[in-house]
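Dear colleague,

Please find the structure below, followed by some notes on what was found in it.

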Amino acid sequence: MEELNLKQEDEILFRPVERTGRAFYLTLTLLITLIFWAIYAYQFQYQEGLGVTGLARPIFWGVYITNFVFFIGISHAGTLISAILRLAKAEWRRSITRSAEVITVLVLFFGVGNILMDLGRPDRMLNIIKYSQFQSPLLWDVSSITIYLTASSIYLYLPLIPDIALLRDRNGKRRWFYRILALGWRGTERQHRLLEKGISFMAILVIPIAVSVHTVVSFVFAMTIQPMWHSAIFGPYFVAGAIFSGIAALIIAMNIIRKVYHLEEYLRPVHFNHLGVLLLVMTLLWFYFTFTEYLTTYYGGEPIHMRIFWMKFTGGFAPYFWGMFLFCFVIPLPILSFKKTRTPLGTLIASISVIIGMWLERYVIVVPTLTNPRLPNEMVIYFPTWIEWSMFAGCISFFILLYMIFTKLFPIVSIWEVREGREKSMAEVQERIKTYLPGIGVE
Amino acid sequence: MHRWGMVIDLDKCTACQACVVACLAENNIALIGPEESAKGRTIHWIELVPYIEGEYPHVKARLIPRPCMHCDHPPCTKVCPVYATYLNEEGIVTQINYRCIGCRYCTTACPYTVKYFNWYEPKWPEEMKGALNRDVSIRTKGVVEKCTFCHHRLLQAREKAKAEGRGLLPEDYVPACVQACPSGAMFFGDLNDPFSTVSKLSRERRAFRLMEDLGTEPKVYYLSEGV
C-alpha cells in the first residue's frame, strides 16, 4: 500500500516527459522566432564583417567577450553546487542536482559560441588545432573548457541512467531511445555500487576542473599587461563571480520548473532558503573581492590605472559600474539576509538582480580598460549595435529552448535519488550522527 | 644576423605626416571613408600620436610618429593562439594574414595599440585600383594587420643583392616611411652592427623608447627634442 502511494507521488515527475501542453509549443515558437532572428543577424555579420558591431579601435572586444565570460560563469551552477552538495552528503540536494547539472552542460555551448561569433574569420577556427600556440591563454581556455564540457556531460549522464531505465520500463514514448541510453541498467546491487562510485569520482574530479575553467577565463585578461586587467586577484575573483551567477541562474531555473511543472512538493521553500543562504555568502564574497580589487588600485594610485578607475566611478562607465553594484549587492543583500524574504519569490528577485549585475560586472571589466589604452588615442565610446543585442537574445533563447527540450526528454528531478532518499537516507543519517557524537547508539 | 631597428629624431620631425602617407600607399592600406573613420576604424600602420605629459601650467606636448615597436619581448605574439604573429629571427614582428583567425587578442594585448583590424572587406576608390602596390598582399576582412617594417622590401633587397653577387648593404633596405621623411628625421638599419647609424643613435644620450618600464624592449628609438 505504502509502496503504491509513493509511486503515485512521483508520477508528477514523469508527467513533463509524457505530456506536453499548449503553453510549451507557444513558448517554443517564440523562442524559435528569436533564434531565427539571431541567425539572420549572424548571417549579416558573417557577410559584411565585424564592422556591423559597435566595436572599433581600441575597443576590440565588447558584448561577445562579455557574454563569453558571463555564460561560462553561469555554467558553474551545476557542477559546483551539485558536486559540493553531493560530497557534503547534503540530503536536500536530491531534487535540485539535475536541474543544476543541465545548466552547466547546455550553457557551455553558448560560452564557446560567443567566442566563435567574435572571430573575424570563423572559417579559419580550426587553425586553433592546426597551429596551436600554447603560450596563448585562449588555448588554455579551449583545453580546459573542452575537458569541462566532457566531464560535466559525464557527470550529468551518470545519475541520469537509472531514471532513463525507469522511462524505458514504463512503456511510454521513445522506448528505443531510452533503451539505448539506459545501457542495460537493471538496478542490481552491483550496478548501484558502480554507479555510486562513478558519481562520487566525477563529483570530486569536476570541482578542480570547474575552478580551473573560470581561472583560465580570467587569465585571458590577467595575463596581458593592460591596466586593471593585469591583476593576480582575477582568478579567484572570476571563480567567485561565476559561482555567484551560477547559483542565481539555478534559483531562477528552479522557480520556473516549480511553477510550470507544479513541482512544489519537490522544490520546497526550504530548498530556496538553503540556496538563498549560499547566494548570500557569495554576495558577501563578491563584495569582498570587488572591494579588494578597487581599493588596491585606488591606494596605489598609478595614473594609468586611475584613469580607468575614475571612468568607472564617476565617468562614462559610472552607470554600468554603479548598476553592477546595485544589482550585485544592494538589492540581493537585504532580501537574502532575512529568513522571511528567503522565499522562492524573494530569492527569485534577488537572483534576477544578481544575473543582471554579473553581466554588468563582466562588461565593466572588459570595456573600460580597452577604452583607455596606454598611448593617447581618439576617445571612442563603444555601444553595442542591434546585431550584438540580437545575438545575445538568440543565445539566451537557444539556451532556454534546449533546457525545455531536456525536460521533455528526461525527468528534471532525479527520481531514483529522491526515492533513494526516502528509503535509505533516514537510516544513513542516523548512522552518520552516531559516528559524530558520543553517547548515541549505545542502545 | 641582422636586428632591424628604427630611430626617429624628434628634433628634426616636423610632424608633416609624409611617413603616414607613404605608408598608406606602400602597404595597400584600405581607405575606409569618413563615416567609418569617425567610428575609430581608420588603419594607420604609422600614426602621429599627440603625447601630452604633465599638467597645466607645465605641459609638454609632443607629436610622436608611432610605427609598430617591433618589441624584442612582444606582448602580442605571446597571446596569439595560432602563430599568426611572431617575432622572426631578424627581430621583426610579422603578421601572417592568411592564418589569422581574427580573435583580436593581439590587438588588445599590445600596449602601444599598433594593431589594426579589418572590420569590413578593404576598399579603395575606383581610381586607385591601379595604384595598389603589387608587392604587398591585400588583406581580407576579419584579419589583423600592422606595420611590418616593409618586410617585402627586405625580401626584394635580398634577391637583388644575391643576383648581383654581393652582401646586403645598409642602403638596400629602407622602409617607405623612412625613405619619404623630408626632414631626414627617421633612420633605419641593423642594431646589431655597432657602426650602423641606428646603432650609434640608439646609444645617444637623447635616445629613449616608449614605455620602457614595461620591459617590452622596443626596437624603435626616439631622440628627444631640445637638449
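**Helix packing, cores and an aromatic pair**

In this predicted model, the axes of helix α2 (residues 22-48) of chain A and helix α17 (residues 386-409) of chain A come within 8 Å and cross at roughly 140 degrees, where axes are lines fitted to C-alpha atoms, for helices over the stretch in contact, and angles run from 0 to 180 degrees between N-to-C directions; helices are DSSP runs of H or I with at least four residues, numbered from the N terminus.

The largest nonpolar core (buried Ala, Val, Leu, Ile, Met, Phe, Trp, Tyr and Cys residues joined through side-chain atoms within 4.5 Å, buried meaning under 20% relative accessible area with a 1.4 Å probe, protein chains only) has 155 residues, and A:Trp61, A:Phe221, A:Phe234, A:Leu263 and A:Tyr403 have the most contacts inside it. Helix α11 (residues 234-260) of chain A gives the most to this core, with 16 residues.

Over all chains there are 59 aromatic pairs, that is, rings of Phe, Tyr and Trp (its six-membered ring) with centres within 6.5 Å, counted as stacked with planes under 30 degrees apart, edge-to-face over 60 and tilted for the rest. The rings of A:Phe110 and A:Phe399 have centres 6.4 Å apart and planes at 85 degrees, so this pair is edge-to-face. Because A:Phe110 lies in helix α5 (residues 97-118) of chain A and A:Phe399 in helix α17 of chain A, the pair ties together parts 289 residues apart in sequence.

Residues are numbered from 1 along each chain as its sequence is written, with chains lettered from A and ligands numbered from 1 in the order written. Local features need pLDDT of at least 70 and side-chain atom pairs count only at pLDDT 80 or more, while totals for chains, interfaces and linings use all residues, and side-chain values use heavy atoms, leaving out hydrogens and water.

Best regards

Conventions. Helices (H or I, at least four residues) and strands (E, at least two) are DSSP runs, numbered from the N terminus. Buried means under 20% relative accessible area, exposed over 50%, partly exposed in between (1.4 Å probe, protein chains only).
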